[in-house]
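Hi there,

Here is the structure I promised to pass on. Have a look at it first, and my notes follow below.

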Amino acid sequence: MTATDDLTKPEEPTLAEMLAIEGIALEPAQVELLDRYRQLLWQWNEMMNLTRHTTIEKFVNRDVVDSLQLAQLLEKGERVLDVGTGGGVPGVILAIVRPDLKVSVCESTQKKAHAVEEMVAELGLPVKVYACRAEDVLEMATFDTLVARALASLSKVLTWFKPHWDAFDRLLLIKGPSWVEERGDARHNHLLHGLELRKAATYQAPRTGAESVILKIWRG
């Protein structure tokens, strides 16, 4: 037997344990639902690329933390569209932690949209899934707030939604440190004309300390 044979790999904490470690308080039923979503997300991820956050720590410190930061900025009963949801973050998590919200998600990649549709059905969540681009959704429905994480540059996002401001009130975008440069680029391209942009939140990811901001953009 070698010296390493009797070393056991430390067990990964449960979702409930990791939430407690990070000081995140949710109702037990929400924790259970969140854990079921995590399991489904990882199962689907084995068949297609839905997430890189495949440890409890990353799921909590990135997906849950980002979603909770957004949740704090949303008013009761808002109609929310998660743009480019991928595997369902932040939209599905918002629906779990804020059941008062009317959450829809959109994803233009058909197989990803199908996976999210299957997940929300199994979880019993009243989340509308659109298998198309957000611009197409905004031709069909109206929303109070559009939310997005890791979607595209600020200039691209503002270009996409420029014709559609009558269909929603504001954008909430999760961005990293490059947001300042992206804001400068958007201003240079005159994409912020008639719009207001403010930092609605600044926060650091637990453990890594990586800084994120949530930008709030609305018509002035």
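In this predicted model, β1 (79-83) and β4 (residues 143-149) run parallel to each other, paired over 3 bridges. Within that pairing, Leu 81 sits opposite Leu 146 of β4.

Both strands belong to an open sheet of 7 strands with mixed pairing, in the order β3-β2-β1-β4-β5-β7-β6. At the edges are β3 (128-130) and β6 (195-204), each of which pairs on one side only. From one strand to the next, the twist averages 20 degrees.

Two helices are worth viewing against the sheet. Helix α7 (residues 154-161) packs on it, touching β1, β4, β5, β6 and β7, and the direction of α7 makes about 160 degrees with that of β5. Helix α8 (residues 179-188) lies across β5, β6 and β7, and runs at about 175 degrees to β6.

Now to the part you may want to open up in your viewer: the largest pocket holds about 640 Å³ of space. Its lining counts 34 residues, and those closest to the pocket centre are Arg 52, His 53, Asp 63, Arg 149 and Ala 150. Sorted by class, the lining has 14 nonpolar, 11 polar and 9 charged residues.

Which elements supply at least two residues each to that lining? They are α2 (28-45), α3 (56-71), β1, β5 (168-175) and β7 (211-219). Of these, α3 gives the most, with 5 residues. The strands β1, β5 and β7 thus appear both in the sheet order and among the contributors to the pocket lining.

Happy browsing, and best wishes!

Conventions: Residues are numbered from 1 along each chain as its sequence is written. This is a predicted model: local features need pLDDT of at least 70, side-chain atom pairs count only at pLDDT 80 or more; totals for chains, interfaces and linings use all residues. Side-chain values use heavy atoms; hydrogens and water are left out. On a 1 Å grid over the protein atoms alone, a cavity is a set of points where a 1.4 Å probe fits but cannot get out, and a pocket is an open set with protein on both sides within 12 Å along at least five of seven lines; lining residues have an atom within 4 Å of a point. Grid points are joined across faces, edges and corners, and a volume is the space filled by probe spheres set on the points. Helices (H or I, at least four residues) and strands (E, at least two) are DSSP runs, numbered from the N terminus. Ala, Val, Leu, Ile, Met, Phe, Trp, Tyr, Cys and Pro count as nonpolar, Asp, Glu, Lys and Arg as charged, and the others, Gly among them, as polar. Two strands pair if DSSP finds at least two bridges between them. Axes are lines fitted to C-alpha atoms, for helices over the stretch in contact, and angles run from 0 to 180 degrees between N-to-C directions. Contact means heavy atoms within 4.5 Å.
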